[in-house]
Amino acid sequence: GAFPHHHVLPSESSPLGHQPQREHGATSLQSGKASETFSGSIHALPKVSDHRDHRTSLPEEWTAKALRDPMSMERANLLNMAKLSIKGLIESALSFGRTLDSDYPPLQQFFVVMEHCLKHGLRVKKSFLGFNKSLWGPLELVEKLCPEAAEISASVRDLPGLKTPLGRARAWLRLALMQKRLADYLRLLITRKDLLSDFYESSAVMLEEEGAVIVGLLIASILDQKNYVEELNRQLNSTVNGLQGRVDSLEKSNTKLIEELAIAKNNIIKLQEENQQLRSENSLILLKTQQHLELTQGDVSVERDTYKQSRQGLDQMYNEAQRQLKEECQLRQDVENELVVQVSMKQEMELAMKLLEKDIHEKQDTLIGLRHQLDEVKAINVEMYQKMQSSDDGMKQKNHMIHRLEEKTNQITATMKQLEQRLQDAERHRVSAEEGARRFKTDFANKADSLQRQIQHRERQLQQLETDLKIEKEWRQTLQNDLERERDNVSQLSAQALQISGLKKEFHRLHDENIQLKSICEDQEQALEELGSKLRESKLKIEDIKEANKALQGGQVWLKDKDASHCKLCEKEFSISRRKHHCRNCGEIFCNSCSDNELPLPASPKPVRVCDTCHALLLQRCSSNPT
C-alpha cells in the first residue's frame, strides 16, 4: 500500500469485453532487472541516490526486500487484489439476488485479476513471429486432468471470432465460471506443479502458496453463497406454509358461514309459510267466534222471551248471558291483540334476518379484504426481511471499510508529514551547497580547476535533488487525490447508513401494521362467533313461537314456563322429578298426573295433552253436541 496503483478497466476493443494485459519492463533498478506489473501499472520506486542523506522515506528493510525479490511483492499484491475482487463480486451477487450481466464492473474486474494471476511468471517461448507468453497453454492441461472440461475447451476452439491464444484463454475463463466449475478446475491445475513448471517460472503465483490461497477463496465463496441461499429458501418455505395454513382455515370458516346462511334462508322461507298458514287459521277462528257470539245472543233472546214471567230467573239468566258476552268479547279482544303481537314479531324477525344477512355479506367482504391485506403484508414482510438482512450485512461491511479508510487516512497523513520533512531537508542541502560554492570561490581562488569540478558535482547533485523533489511533489499530489476519494467514500457510506436506519424504521412500522391487522382479524372472528350464537338463539325463539301459535289455534293464552312454579290444579311445586306440562287447550301449566289425558282438538287432529278440567269439559261438549 506504499505505492499508488493505476487500475486499468476492460475496454471495448478487447475480445469478450476484456482488457488485454500490458507487459512492461519495470523501471530499471540498480540491479538492472525487469519485473512485470499488475493491472498495467508500474511500481515506480524512487531512485536511490549515491549519498545516504538523499534516500527516500521508505523503511530500509522493506526497500531492501523489494529490491531483492520483486516477484514476492507482486504475488502479495495479486493475492490482495484477488481477495478484494472475489469479496466484492459475492457481495454484489447476494445484494442483487439475480444473474449478473457480462458487463457488470465487479465481474469484469474479477476476470482481469484472474488473468493477471494466471499470467504471472509465464515462461517466454519462441515462435515464428518472435518471443511471446501464451496463457492458453496451461489452461489446455485442464482438459487432460478433468474430462468434464473437454466440452468448454472444444467450444472455445470452435468459436470463429477468437484468433489469439489470449482470446481463447479469456473465453475459457468465462465458460468455466458459467459452468460453476472454475474453482475445481484451478484446484486440479495447481496440484500438478510438475506440469505447470513447463509453463511458469519457479516464483510464479500458480506454483507458490498464493495460488492455493486464491483457489481456496473461490471454493469458500461458492460454499458460503450456497449455504446462504439454502437457509433463505428454508425460511421462506416455512413462512409460506404457515400463511397457507392460515388461508385454508379462513376458507373453511367462510364455507361454514355460507352453509349456515343457506340454512338460515331456508328457515326464513319455512317461517313465512307457517305465518301464512297461521293467518288463515286465525281468520277461521274469528269467523267461528262471531258465529258462536250470534248463537249466544239468539239463545239469550229466546230465554228472555221464555222466562219473562219469572223476574228472578230472567235476571239471573240475563246476568249470566251478559257475563258470557263480556267473556267472549274479552276473548276476541285478546285474540286480536295476540294476532297484532304475532304480526309485529314476524316483522321484527324479517328485519332481523335481513340485518343478519347484510352483516354476513359485510363479514365476507371484510374476510376477502383481510386476505388481500394478509397477502400484501406477507410480500412486504418477505421483502423487508431480505432488505434488513442485506442492510445489516452492508452496514457491518461498511463500518469495517470506514475503519480501514480512517487507518489509511492516518497513514497518508504521516507519509505527507515525512515528505514535507524531506522537502525541507532538500532545501537546506541546496542552500548549504550554494553557500559552499560561494565560499569556495572567495576563499580558494587559486584552486579554480578543483573548484570547477566541485561546482559541477554540486550542480549534478542539485539536479538530482530537483528530480527527487518533483517526484515527491507528484507523489504528494497523488496521495492528496486518494485522500479526497476516501473522504467522498466516507460521506457516501454515512448517507447509506442513514438510509439503512430509515429502512429499519419502515420495517418496524410495517410490523406494527401487521399486528393491528391480526387484532382486527381476531375481532372479526369473535364477531362471527357471536353471530352464530345469536343465530342459535333465534332458532330457539322460533321454536317457542311455533308452540305459542299452536296454542293460539285453540284460542287460549300460552303461559310461559317461568311464570308458573306450582301446578294450577293440585298446586304442588314443580321440581326435577315433577316436570312442567302445557295443556294444549287452555295453555296453562300442570304436573304430569293432572294432565295425563289426550284428546284431538280443532287445531290438531291428532290427540294432544290436555288437563283434567279441559278433558271433562271437552267430553261434556262432545256428549251434548254430537255433531
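Accessible areas come from the Shrake-Rupley method with a 1.4 Å probe, and for residues only the protein chains shown count as cover. The model is predicted, so that local features need pLDDT of at least 70 and side-chain atom pairs count only at pLDDT 80 or more, while totals for chains, interfaces and linings use all residues. Residues are numbered from 1 along each chain as its sequence is written, and side-chain values use heavy atoms, with hydrogens and water left out.

**Exercise 1. Describe the surface and the burial of the protein chain.**

Solution. Begin with the accessible area: the protein chain exposes about 40,900 Å², of which carbon and sulfur atoms supply 53%. Turn next to burial (buried means under 20% relative accessible area, exposed over 50%, partly exposed in between, with a 1.4 Å probe and protein chains only). By this criterion, 30% of the 627 residues of the protein chain count as buried.

**Exercise 2. State which residues line the second largest cavity, and classify them.**

Solution. A cavity is a set of points, on a 1 Å grid over the protein atoms alone, where a 1.4 Å probe fits but cannot get out, and its lining residues have an atom within 4 Å of a point. Grid points are joined across faces, edges and corners, and a volume is the space filled by probe spheres set on the points. The search of the whole structure returns 13 cavities of 30 Å³ or more, and the second largest holds about 120 Å³. Its lining consists of Arg-246, Leu-250, Leu-370, Gln-373, Leu-374, Val-377, Asn-514, Leu-517, Lys-518 and Cys-521. Two or more of these residues come from each of helix H9 (209-306), helix H10 (311-443) and helix H11 (448-553), where helices are DSSP runs of H or I with at least four residues, strands are E runs of at least two, and both are numbered from the N terminus. Sorted by type, the lining has 6 nonpolar residues, 2 polar and 2 charged (Ala, Val, Leu, Ile, Met, Phe, Trp, Tyr, Cys and Pro count as nonpolar, Asp, Glu, Lys and Arg as charged, and the others, Gly among them, as polar).

**Exercise 3. Explain why Cys-614 is not bonded to Cys-611.**

Solution. A disulfide is a pair of cysteine sulfur atoms within 2.5 Å. The sulfur of Cys-614 has its closest cysteine sulfur in Cys-611, at 3.4 Å, which is too far for a bond. Cys-614 is also buried, at 8% relative accessible area, and the whole structure contains 0 disulfides.

**Exercise 4. Locate Lys-180 and give its phi.**

Solution. Lys-180 sits in the loop between helix H6 (165-178) and helix H7 (182-191). Although Lys-180 is not a glycine, its phi is positive, at about 60°, and the residue is exposed, with a relative accessible area of 69%.

Notes:
On a 1 Å grid over the protein atoms alone, a cavity is a set of points where a 1.4 Å probe fits but cannot get out, and a pocket is an open set with protein on both sides within 12 Å along at least five of seven lines; lining residues have an atom within 4 Å of a point.
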